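Please look through the sequence and the fold below before reading on. The paragraphs that follow go from individual elements to the core, the ligand and some outlying positions.

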Amino acid sequence: MLKGKTALVTGSTSGIGLGIAKALAAQGANIVLNGFGDIEGPRAEVAALGVQVAYHGADMSKPAEIEDMLKFAAAQFGRVDILVNNAGIQHVARIENFPVERWDAIIAINLSSAFHATRLALPAMQKANWGRIINVASVHGLVASAEKSAYVTAKHGVVGLTKVTALENATTGVTCNAICPGWVLTPLVQKQVDARAAAGGISNAEATKQLLGEKEPSLQFTTPDELGALAVFFCSPAGNNVRGVAWNMDGGWTAQ
Ligand code: NAD
């Protein structure tokens, strides 16, 4: 379905970003990977799906590096047809104790990076009259949790940015939507499970059970594969007139 198209997925060396990159690659899209840590493993996993894969190591907190990445993607593949703004980090602390440097980093990586990548990707999409911008927000773009001030602020901002991007392009073939996952067992959440186990002197399994039990009625993690399938839907012809939604995949978290 996406043969000949190019998808740039930020923060795609791990977790949800890698899951979405693989789902888009399985539909034939060439992929530009981004993110830190092991590059060769993710690159091989995506390449195994029979598409071309490129990698750019832009630090998503740095607008100049984001600009360089968009230029790189255009040079490699002609243009970016699908932009998935996914890179994100977390820090958990009460507001009065929240390190200012962590606040700035979360706003830059989880929110401002989506603005920069979007503003840089839009002109080519508008020219082609086809594009898909998918912002990986969170249930925390819709509701709050204590001790996540920067994250909740950034994710609510991402949902707002999604709506404005959708409206400004509503008469074109360029759509923008957000995905709002509940708990997904990735390194970002594993750190929260580990912290809970250490703080409570409990096992990892017990900490996981508590984490899910507090918020997610299904008591199940959403998986990167499921989120990838939703991203594929947004890119399909059936998604042509889906514009500005914040679609939660959260085991009932926000239905309560
Ligand atoms: P993860 O830690 O597995 O992956 C994060 C990715 O972002 C990695 O590839 C990492 O290298 C990259 N990254 C981090 N900082 C970066 C930077 N400055 N520049 C470039 N890349 C950077 O986390 P994940 O859980 O897969 O999270 C992906 C997205 O999903 C995030 O935006 C997160 O907020 C969101 N999300 C996660 C969950 C969850 O439960 N895991 C739930 C809702 C939303």
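Helices and strands are named here from DSSP runs, numbered from the N terminus, a helix being H or I over at least four residues and a strand E over at least two. The model is a predicted one, in which local features need pLDDT of at least 70 and side-chain atom pairs count only at pLDDT 80 or more, whereas totals for chains, interfaces and linings use all residues. Residues are numbered from 1 along each chain as its sequence is written, and side-chain values use heavy atoms, with hydrogens and water left out.

A convenient place to begin is strand β3, which covers residues 53-56 and holds H56. Burial is judged by relative accessible area, with buried meaning under 20%, exposed over 50% and partly exposed in between (1.4 Å probe, protein chains only). H56 counts as buried because its relative accessibility is 12%. If contact is taken as heavy atoms within 4.5 Å, and residues up to four places away in sequence are not counted, H56 touches L33, N34, G35, E65, D68, M69 and F72. Its side chain also makes a polar contact, that is, a pair of N or O atoms within 3.5 Å, where within protein one must be able to donate a hydrogen and the other to accept it, and residues adjacent in sequence count only if both atoms are side-chain atoms. The partner is the backbone nitrogen of A58, which the side chain of H56 reaches at 3.0 Å.

T13 is placed in the loop between β1 and α1. With a relative accessibility of 13%, T13 is likewise classed as buried, and its side chain reaches the backbone oxygen of F36 at 2.7 Å. Residues up to four places away in sequence again set aside, T13 touches L18, N34, G35, F36, D38, I39, P42 and Y55.

The helix that follows this loop, α1, has 12 residues and runs 17 Å from its first C-alpha to its last, close to the 16 Å expected at 1.5 Å a residue, where the expected span is 1.5 Å times one less than the number of residues. The helix is mostly covered, since 9 of its 12 residues are buried, among them I16, L18, I20 and L24. Just after α1, G28 takes a positive phi of about 105°.

From α1 the view opens onto the nonpolar core, a term for a set of buried Ala, Val, Leu, Ile, Met, Phe, Trp, Tyr and Cys residues joined through side-chain atoms within 4.5 Å. The largest such core has 30 residues, and those with the most contacts inside it are L24, I31, V46, I82 and V84. At least two residues each come from β1 (6-9), α1 (15-26), β2 (30-34), β4 (82-85), β5 (131-136) and α8 (224-235), and α1 gives the most, with 7 residues. Leaving aside neighbours within four places in sequence, V46 is in contact with L18, A21, K22, A25, I31, L33, V51 and V53. Apart from this core lies another, of 22 residues, which includes I66, A117, A166 and C176.

Helix α8 also agrees with its expected span, because its 12 residues at 1.5 Å a residue should cover 16 Å and its end C-alpha atoms are 17 Å apart. Its buried residues, including L227, L230, V232 and F234, pack against α1, β4, β5, β6 (174-181) and β7 (246-249).

Which residues are closest to the ligand? Of the 30 residues that surround the ligand, the closest are S14, N86, Y151, V184 and T186, a residue being counted when one of its heavy atoms lies within 4 Å. A backbone N or O atom of F36 lies 2.8 Å from an oxygen atom of the ligand, and for N86 the corresponding distance is 2.7 Å. V184 likewise has a backbone N or O atom 2.7 Å from an oxygen atom of the ligand. Taken alone the ligand exposes 830 Å², of which the protein buries 93%, with accessible areas obtained by the Shrake-Rupley method with a 1.4 Å probe; for residues, only the protein chains shown count as cover.

Two further positions remain. N129, in the loop between α4 (100-128) and β5, counts as partly exposed at 46% relative accessibility, and a polar atom of its side chain lies 2.9 Å from the backbone nitrogen of G173. G200 lies in helix α6, residues 187-200, and is partly exposed at 49%; its C-alpha atom is separated by 54 Å from that of A128, 72 residues apart along the chain.
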